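Reader: I am new to reading protein structures. Could you walk me through some features one at a time?
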Amino acid sequence: MTIPNPEDGSSLPLTFLDDGTVGLIPVVGTVLVQDQIPPIDKAVFAQAKHQFGDDFGVPAWYLRSVGDDTHSIAYANGDHNDVASFDQLANVIGLGATWRIGDNIRLSYDWGQNRTDFGRFMNGNTIYNHEMGTSDFDIAGRSNGSTPRFWVARVDIGEADTDQPGSWNAFADYKYFQHDSFFGGNGTEGVPDRYMDGIKSFTISGGYVPAKDFLLEAFYTFGAKGIGKRDTLYGPEHFTLGDYTRIQATFKF
């Protein structure tokens, strides 16, 4: 097909495209698409816990999605697209530990992996061919990454009890979630989901009960950085997210 060069090569919008005299002109290029981790519709979950004395406990758990639809993902490879298909989203094993120090301090740690081909694909990287000294980045497919894992270390002090005015609590944690080790709905209240997928970050928080059935809380998440690199039209790049603050009040009635 011969592509015309109308209006003496002007870069302005073509004025005659709407009059029906010219058909569609194909354009070859690259489209950036944001990864979307599908939600888990149904899953089986099992957990076992063991207590070592009064102050130290260890849980182990397993989560596996069932009845997943087949998910097909197209990705660029030269002048065409390759397609990868997956029918298993989650096959997650997790371990944890909690250690109570005295009456007011708790240390906890959680670790897990999503051991699926889908997880390793999402945790991978686009392959770029780049000629040094130029702005040309040719896409040559995708390479799988390692099995995506997560871990969280946390310290809690005190306990805010809405039945006890004047009680308080505070915590600090460090979170590390590789891409596709997280499936949404983190339950932390103070951290949005987008700060949990392929991100490492710190959070500090405090809560106070000024009156019975009334709880005030504040959360501050900072140092949020991508664990891997984000694809762009000009190669992969590291990225960061801004700090996130949340203040909330809860009243029981």
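Reader: Let's start with Tyr 208: what does its relative accessibility of 42% make it count as?

Author: Happy to help, and please keep in mind that this is a predicted model. Buried means under 20% relative accessible area and exposed means over 50%, with partly exposed in between. Tyr 208 has 42%, so this residue counts as partly exposed. Along the chain, Tyr 208 belongs to strand S11, which covers residues 199-211.

Reader: Which residues form a nonpolar patch on the surface together with Tyr 208?

Author: The patch joins Tyr 208 with Phe 52, Phe 56, Trp 99, Ile 101, Ile 105, Leu 107, Ile 157 and Trp 168. Together they have about 810 Å² of accessible area. Two elements, strand S5 (91-101) and strand S6 (105-114), each give two or more residues to this nonpolar patch.

Reader: Now the inside. How many residues make up the largest nonpolar core?

Author: A nonpolar core is a set of buried residues joined through side-chain atoms. Here the largest one has 12 residues, including Phe 150, Val 152, Phe 177, Phe 182, Tyr 195, Met 196 and Phe 239. Another core lies apart from it and has 7 residues, among them Ala 84, Phe 86, Phe 118 and Phe 121.

Reader: Phe 121 caught my eye. Which residue has its charged end over the ring of Phe 121?

Author: That is Arg 142, whose charged end sits 4.9 Å from the centre of the ring. You can find another such case at Phe 171, where Arg 154 lies over the face, 3.7 Å from the ring centre.

Reader: What meets the side chain of Arg 154 in a salt bridge?

Author: For a salt bridge, look for a side-chain nitrogen of Lys or Arg within 4 Å of a carboxyl oxygen of Asp or Glu. Arg 154 meets Asp 156 in this way, at 2.8 Å from N to O. Asp 156 counts as buried because its relative accessibility is 9%, while Arg 154 is partly exposed with 31%.

Reader: How many salt bridges does the structure hold, and which one links distant parts of the chain?

Author: There are 8 salt bridges in the structure. One of them is formed by Asp 163 and Lys 212, with their closest N and O atoms 3.7 Å apart. This pair links distant parts of the chain, 49 residues apart: Asp 163 is in the loop between strand S9 (149-158) and S10, and Lys 212 is in the loop between S11 and S12. Asp 163 is partly exposed, with a relative accessible area of 46%, and Lys 212 is partly exposed too, with 48%.

Reader: Where else should I look, and which residues are joined into one network?

Author: Try Arg 230 and Glu 237, whose side chains meet in a salt bridge at 3.2 Å, N to O. Arg 230 is partly exposed at 43%, and Glu 237 counts as partly exposed at 34%. As for the network, salt bridges that share partners join Arg 106, Arg 154 and Asp 156.

Reader: How is a pair of aromatic rings described?

Author: We use the distance of the centres and the angle of the planes. This structure holds 18 aromatic pairs. Phe 202 and Phe 222 form a stacked one, with 5.5 Å centre to centre and 15° between the planes. Phe 202 is in strand S11 and Phe 222 in strand S12, 20 residues apart, and the pair links these distant parts of the chain. Both are partly exposed: Phe 202 has a relative accessible area of 37% and Phe 222 has 28%.

Reader: What kind of aromatic pair do Phe 214 and Phe 251 form?

Author: Theirs is edge-to-face, with the centres 6.4 Å apart and 65° between the planes. Phe 214 lies in strand S12 and Phe 251 in strand S15 (residues 244-251), so the pair ties together parts that are 37 residues apart in sequence. Phe 214 is partly exposed at 27%, whereas Phe 251 counts as exposed at 51%.

Reader: Which residues do ring pairs link into a cluster?

Author: The cluster is made of Tyr 109, Trp 151, Tyr 174, Tyr 176, Phe 202, Tyr 220 and Phe 222.

Reader: One last feature: which residues other than glycine have a positive phi?

Author: Asp 180 is one of them, with phi near 75°. Asp 180 lies in the loop between strand S10 (168-177) and S11, and counts as buried because its relative accessibility is 0%. Asp 213 is another, with phi near 70°, and is found in the loop between S11 and strand S12 (214-226).

How values were computed: Residues are numbered from 1 along each chain as its sequence is written. This is a predicted model: local features need pLDDT of at least 70, side-chain atom pairs count only at pLDDT 80 or more; totals for chains, interfaces and linings use all residues. Side-chain values use heavy atoms; hydrogens and water are left out. Patches are made of residues with over 30% relative accessible area and no salt bridge: like charges are joined within 9 Å, nonpolar side chains (Val, Leu, Ile, Met, Phe, Trp, Tyr) within 5 Å. Accessible areas come from the Shrake-Rupley method with a 1.4 Å probe; for residues, only the protein chains shown count as cover. Helices (H or I, at least four residues) and strands (E, at least two) are DSSP runs, numbered from the N terminus. Buried means under 20% relative accessible area, exposed over 50%, partly exposed in between (1.4 Å probe, protein chains only). A nonpolar core is a set of buried Ala, Val, Leu, Ile, Met, Phe, Trp, Tyr and Cys residues joined through side-chain atoms within 4.5 Å. Rings of Phe, Tyr and Trp (its six-membered ring) pair if their centres lie within 6.5 Å; planes under 30 degrees apart count as stacked, over 60 as edge-to-face and the rest as tilted. A charge sits over a ring if NZ of Lys or CZ of Arg is within 6 Å of the ring centre and within 35 degrees of the ring normal.
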